[in-house]
There are 2 protein chains.
Amino acid sequence: MKYVFGVDLGGTTVKIGLLDNYGNKQEVWEIPTRKGDGGSHILPDIAEAIRDKMKEKNIDDADVAGVGIGVPGAVDGNGNVMQAVNLGWGKFNIRDELHSLVKLPVKAGNDANVAALGECWKGGGKGYKDMLMVTLGTGVGGGIIVDGKILNGATGSGGEIGHIHLQDDEVEACGCGNHGCFEQYASATGAVRVAKRVLEASDADSKLRHMDFECKDIFDLAKEGDEVAVEATKKYGDYLGRGLAAVASTINPEIIVLGGGVSKCGEMLFDLLKPSYEKYVFPGCKDVKFALAELGNDAGIFGAAKMFID
Amino acid sequence: MKYVFGVDLGGTTVKIGLLDNYGNKQEVWEIPTRKGDGGSHILPDIAEAIRDKMKEKNIDDADVAGVGIGVPGAVDGNGNVMQAVNLGWGKFNIRDELHSLVKLPVKAGNDANVAALGECWKGGGKGYKDMLMVTLGTGVGGGIIVDGKILNGATGSGGEIGHIHLQDDEVEACGCGNHGCFEQYASATGAVRVAKRVLEASDADSKLRHMDFECKDIFDLAKEGDEVAVEATKKYGDYLGRGLAAVASTINPEIIVLGGGVSKCGEMLFDLLKPSYEKYVFPGCKDVKFALAELGNDAGIFGAAKMFID
């Protein structure tokens, strides 16, 4: 086997990577995600794009280990998609369906889990086998790698740590319908919510009072020494550390890799979360390493390809 | 291969099982755990017991797949024991050391994780591959099975869910040094603590006021309709459900198996924990099955043997 395809299926575009079996990118390109008609064009489009590329490059079927694909929805270990709302998909087996179209072996996973596998192979978690990847973006996504493999879970919700319950007295509802979920505090949106509450409870002046701020502003102002922003980032770190401690006490990872928008503030994030992480985690799980994600948008195609590379 | 040995190493006795490779018990016997001299006699005693049994039964080395062993301490996936305080053991590789004594392949795991594997194979989790086993005893122990295999974790603390942080305002310290750990409420000891607090906050009369009660009494009195006991078991179920929800939102098991002293109250436990489990869990993990452990003290030898049976 010389090649493997890694596919990162997003709501707007499909990113496809052709990699050699050492994981070197040979070519990466994108096609639009045609979401009409219940998402029925998506897989045929992907299959066609792959077959066209093979023709263009004179690649035989026998030279391709397979096609790995990350899907924005829950996918179990047998390739069953539970649902992918953004694509218009209900329940079906993507492994079998894409295989029948592309005539190559197929493996599939949830996009966050697949990206975690990519980071574990080539990114922030390189060299480790038991990893927790957490994406701090609009929500909090997660992916768990156990002994080098994705923990899919029974119904493809393994690593969906954004909805661990953290806070009893939360009045606002989370997108999932519960109250007090981890992502209500630790996402980029959550950081803004936390900062607004700190601002409200404080009499101190702050640049945050005079702007319609977003997550980045809070961390930038904290770096400048803005008192309220510093307080808000501490509070944010407290929530983040508590949530990570709950997950780490369960799965005992070697390394926790942080990605997503919030992680752009860099290593200050580790200093912010460590006090509460160390306070709340099971002592046997205290000595974890923290790292930042490194692959950005490439994590998905690397992880998807990795499902076919041992 | 016709045989496998499963060893459950406890603080007082070592239970050894000779099983055929379908998992049928051929013989089970016990030897004392000689803890003196830094625990240096324990492994030689086990090796001798096994070699003697093979001689007695005319079993050749070639007929034995291996020796699986569960240890009361953290053990990683490579057989490194981190520590086993009760045995006087520090850090060493038990797989290599026992192998050099017994001259057979060896695999090792933490006892709670190994017992979980046993329950997944032959007990309450039979037929499932993604399982969470929780032992509600003096403490709260746990074991996680992912795709039929033990989740050991980086330092052998995988599944040590008893120390997930649940409650912020806890004044008493947990054995681990933290405050507000899951096991401070969900263990048998925790159930008594919870009941005492309910009793204190209530004016109602209750048999519990007139006795030095233990966990079993609370559940027995609740079944009889004792108002305070009913309230206490509800509160207990609320804590149990919350803790299980945090773990399930991380690993998305198919089935949660409950064992240990508290589980002797039977299926009423499911009714008690479900309201809070369903309230706090990530919706994608709501449809989990609950079951009671079935193997009791045999779970350890079955699980230990299973490490050598595919």
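The following dialogue concerns a predicted model and the grounds for the terms used to describe it.

Visitor: On what conventions does the description rest?

Guide: In this predicted model, local features need pLDDT of at least 70 and side-chain atom pairs count only at pLDDT 80 or more, whereas totals for chains, interfaces and linings use all residues. Residues are numbered from 1 along each chain as its sequence is written, and chains are lettered from A and ligands numbered from 1 in the order in which they are written.

Visitor: What makes the radius of gyration of chain A agree with that of a compact globule?

Guide: The radius is taken over C-alpha atoms, and the globule rule is 2.2 Å times the number of residues to the power 0.38. For 310 residues a compact globule would have a radius near 19 Å; chain A has 20 Å, which agrees. The C-alpha trace of chain A spans about 65 × 40 × 35 Å along its principal axes.

Visitor: How many helices and strands are in chain A, and what counts as one?

Guide: Helices are DSSP runs of H or I with at least four residues, strands are runs of E with at least two, and both are numbered from the N terminus. Chain A has ten helices and 13 strands.

Visitor: Why are strand 3 and strand 8 of chain A said to stand at the edges?

Guide: Two strands pair if DSSP finds at least two bridges between them. The open sheet has five strands in the order 3-2-1-4-8, with mixed pairing. Strand 3 (25-32) and strand 8 each have a single partner strand, so one side of each is left without a neighbour in the sheet.

Visitor: How do you know that strand 1 and strand 4 of chain A pair?

Guide: Strand 1 (residues 3-9) and strand 4 (residues 64-71) of chain A share five bridges in the parallel sense, against the required minimum of at least two. F5(A), for instance, has V67(A) of strand 4 as its bridge partner.

Visitor: Which strands are at the edges of the sheet with the order 11-10-9-12-13?

Guide: This is an open sheet of five strands in chain A, with mixed pairing. Strand 11 (149-150) and strand 13 (289-292) stand at its edges, because each has a single partner strand. Strand 9 (residues 131-136) and strand 12 (residues 255-259) of chain A pair in the parallel sense over five bridges; M131(A) has I255(A) as its partner in strand 12.

Visitor: Which domains does chain A have, and how is their contact established?

Guide: Domain bounds come from an automatic or database domain assignment, which gives domain 1 (3-120 + 298-306) and domain 2 (127-294). Their C-alpha centres lie 29 Å apart. Residues are in contact if their C-beta atoms, placed from the backbone, lie within 7 Å; 15 residues of domain 1 are in contact with 20 residues of domain 2. Helix 4 of chain A gives the most to the domain 1 side, with seven residues.

Visitor: Why is the relation between chain A and chain B that of a two-fold axis?

Guide: Copies are superposed by least squares on the C-alpha atoms of residues with pLDDT of at least 70 in both. A rotation of 180° with 0.0 Å of shift along its axis superposes chain A on chain B, with an RMSD of 0.1 Å. That is therefore the relation of a two-fold axis. The same surface serves both copies, as 100% of the contact residues of chain A recur in chain B.

Visitor: Which element gives the largest share of the side of chain A that touches chain B?

Guide: Between the chains, 34 residues of chain A are in contact with 34 residues of chain B. Helix 8 (residues 227-251) of chain A gives the largest share of the chain A side, seven residues.

How values were computed:
Two residues are in contact if their C-beta atoms, placed from the backbone, lie within 7 Å.
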